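Good morning, colleagues. I should like to take you through one protein this morning, beginning with a single residue and then turning to the chain as a whole. Please look at the sequence and the model as they appear.

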Amino acid sequence: MTQASHHIGTGTGTAGTDQLLEMYRRMRRIRRFEERASDLYKATEIPGFLHLSIGQEASAVGACWPLGARDGITSTHRGHGHVLAKGLDSASMMAELMGKDAGTCHGRGGSMHIADPGLGIYGANGIVGAGLPIAAGVATAAKLRAAGDVVVAFFGDGAVAQGMFHEAVNLAAVWDLPVVFLCENNHYSEFSPASEQHRAPLSARAAGYGIEYQHVDGNDVLAVAQTMTGVVARLRAGGGPVLVEAETYRWHGHYEGDPERYRPAEEVAAAKERDPLLIARRQLDTAAADAVDEEIDKEIEAAIEWARSLPEPAPETLHDYVSAPRLAVAEPAPLPADAEIFRSMDAVRLALEHELTADPSVFVAGIDVGAGGNVFGLTRGLAQAFPGRVRDTPISESAIVGTAVGAAMAGMKPVVEIMYMDFIGVCLDMLLNQAAKLRFMTGGRASMPLVVRTQFGAGRSSGSQHSQSLEALLAHIPGLTVVMPSNPADTYGLLRAAIQDPNPVVFVENRLQYGLKGPKPPADHLIPLGKAKVIREGTDITLVSWSRMVQDALAAAELLGGEGISVEVIDLRTIAPLDRETVLASLAKTNRLVIAHEAVRDFGVGAELSAMAVDEGFWHLDAPVTRVAPPSVPAPYAPSLERVWLPSRDTIADTVRRIAAV
């Protein structure tokens with residue numbers, strides 16, 4: 001479909017008959033798809049949850065009417081109508097709802113997670129409001145490419161209560177992004193009427209963000225199409241975000257099976273008198289509309305029969321689509337003894353500078369990373385060297401990571417910063433339910449080459465909200481890669497590898513190491529992700545660590561070497577995926593294992609390594625596997641307490657002595 005084919009006149013009655021008939025066809029496709037999905041759900045042919053949009057067809061079709069193939073949408077848990085209106089075929093969608101391998105997402109997403117970025121469909125979403133920051137990311141990619149593309153972010157009135165709504169709209173306003181935030185106000189947030197959820201209308205909210213607001217009858221497809229045609233044209237010409245409220249009504253419950261005790265039947269019956277299909281039909285030839293009905297009925301029935309005939313995903317494909325295949329990277333040669341010396345903070349800046357120079361799809365965003373050069377000065381000068389590609393954001397962690405998710409799906413390689421690792425909790429959904437899962441839930445259709453840089457570090461009285469080492473939390477999420485370098489050269493090589501990687505990577509630096517000095521590698525230095533390294537050979541005991549604690553482990557090994565205890569030290573470098581082979585090979589040699597880390601002891605990465613040693617390395621063990629880590633207490637502020645809480649060279653050495661003597 002071309003942009004020209006979507007043009008409509010300036011009034012709701014001026015669209016050509018052919019265009020209105022096509023709008024009716026698209027609405028009828030949505031209606032029949034939803035009706036038959038309801039039937040199939042009741043017959044247990046569709047598993048899981050099902051949220052239907054019957055009654056809301058006009059807002060979906062009208063909103064997508066002026067969009068072209070390059071334009072994008074993000075959707076909601078009630079998203080069948082949106083993706084059908086954007087051009088997804090009904091047959092693969094029906095197969096997806098039935099959990100079939102030939103479904104849109106190979107049966108990995110189901111009703112709430114249908115996506116096809118190739119068609120500009122950046123995902124329906126089971127998390128209320130989550131599509132809004134993602135839409136900001138897709139719009140960021142569009143703005144950086146300057147090709148005139150726009151994005152429509154569908155959301156319901158209930159999503160207005162989410163912090164993600166505020167963060168996404170505010171970021172879009174600050175960055176003047178080409179995105180339409182389209183609220184389908186169906187008057188109910190799940191079971192609750194809108195009057196009990198909000199005190200301010202959307203018009204007032206739009207004014208608060210300094211953006212344009214428009215209201216439209218969401219049951220009149222011509223009115224919606226007319227409004228959106230004007231809005232989209234302004235965005236293509238460089239206009240900033242717009243908030244459009246399409247007032248409509250859903251006929252079915254929040255989900256199929258909803259007893260609907262929260263609204264009277266008379267209200268639903270009255271709403272049906274404003275049926276979007278009947279409103280359009282009144283302006284069409286009856287015979288032509290009947291012919292469309294028959295055509296669509298046959299299409300949907302054929303889709304159902306085709307989907308029924310298909311196999312489910314084979315059990316052996318369980319692990320497919322979790323992560324994209326990595327490029328093979330060889331372990332680099334040891335650095336020469338006379339290499340130039342640089343610091344970890346220099347390594348971060350140089351790695352970012354290298355990738356920004358080499359790849360125009362890379363951009364950097366975060367709080368004060370641009371003009372301010374980062375709170376630690378790590379990005380100083382990059383905003384001036386790469387105009388528009390090193391971007392300051394509001395203090396909005398969900399919007400920051402959501403922007404990375406959307407931009408990555410749209411073909412960019414974002415590197416975003418969360419200032420402190422502790423703040424990961426503020427935006428965890430965007431990592432847990434979006435970045436980590438979207439490739440899997442879309443059956444590999446969504447690409448996710450993004451990096452979230454952050455930092456941590458106890459030992460300087462930063463307190464309980466600025467000291468946490470949360471790698472175990474992140475490593476527990478399938479689909480995330482977690483990297484924690486221990487020295488300047490590894491910081492450079494691992495960060496470059498992370499930016500080039502096709503998977504979402506959380507790159508965790510230790511701020512107490514920003515001043516750490518070490519040999520500077522060559523500009524093309526890369527370190528393979530997912531590979532640990534033996535950094536000191538030994539025969540008596542294996543000592544595994546990562547990040548800054550590696551330096552204490554090396555110091556302890558040096559001390560113990562003078563006592564006749566030969567310690568082999570392994571730097572994990574990548575926490576997830578875990579390099580089990582290197583650790584197990586060392587254990588087979590030394591028969592003893594000690595793990596030292598800065599995160600609290602309970603339920604940590606050390607526990608995973610211990611379980612692995614007992615499970616896969618049991619017959620090699622000559623002593624208990626032991627962990628050296630802080631107790632399960634938040635990081636203290638008082639220096640006297642923090643010294644007791646945090647392991648050191650001496651506490652590591654004491655533990656190794658004890659295990660070596662067993």
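Gln384 is found in helix H13, which covers residues 382–385. Please bear in mind that this is a predicted model. Is Gln384 buried or exposed? Its relative accessible area is 54%, and because exposed here means over 50%, Gln384 counts as exposed. As a point of reference along the chain, Val415 lies 31 residues from Gln384, and the C-alpha atoms of the two are separated by 17 Å.

Let me now turn to the protein as a whole. The secondary structure comprises 23 helices and 21 strands. Along the principal axes, the C-alpha atoms fill a box of roughly 95 × 55 × 45 Å. How does the radius of gyration stand against that of a compact globule? For 662 residues, such a globule would have a value near 26 Å; the protein has 28 Å, which agrees.

Next, the interior and the contacts. Of the 662 residues, 59% count as buried. If we take contacts between residues at least 6 apart in sequence, 81% of these join residues at least 24 apart.

Finally, the surface and the charges. The protein exposes about 24900 Å², and carbon and sulfur atoms supply 55% of that area. How many charged side chains of each sign does the protein have? There are 58 positive and 79 negative side chains. The centres of these two sets lie 3 Å apart.

Thank you for your attention.

Key:
Residues are numbered from 1 along each chain as its sequence is written. This is a predicted model: local features need pLDDT of at least 70, side-chain atom pairs count only at pLDDT 80 or more; totals for chains, interfaces and linings use all residues. Side-chain values use heavy atoms; hydrogens and water are left out. Helices (H or I, at least four residues) and strands (E, at least two) are DSSP runs, numbered from the N terminus. The radius of gyration is taken over C-alpha atoms; the globule rule is 2.2 Å times the number of residues to the power 0.38. Buried means under 20% relative accessible area, exposed over 50%, partly exposed in between (1.4 Å probe, protein chains only). Contact means heavy atoms within 4.5 Å. Accessible areas come from the Shrake-Rupley method with a 1.4 Å probe; for residues, only the protein chains shown count as cover. Lys and Arg count as positive and Asp and Glu as negative; His and the chain ends are not counted. The place of a charge is taken as NZ of Lys, CZ of Arg, CG of Asp or CD of Glu.
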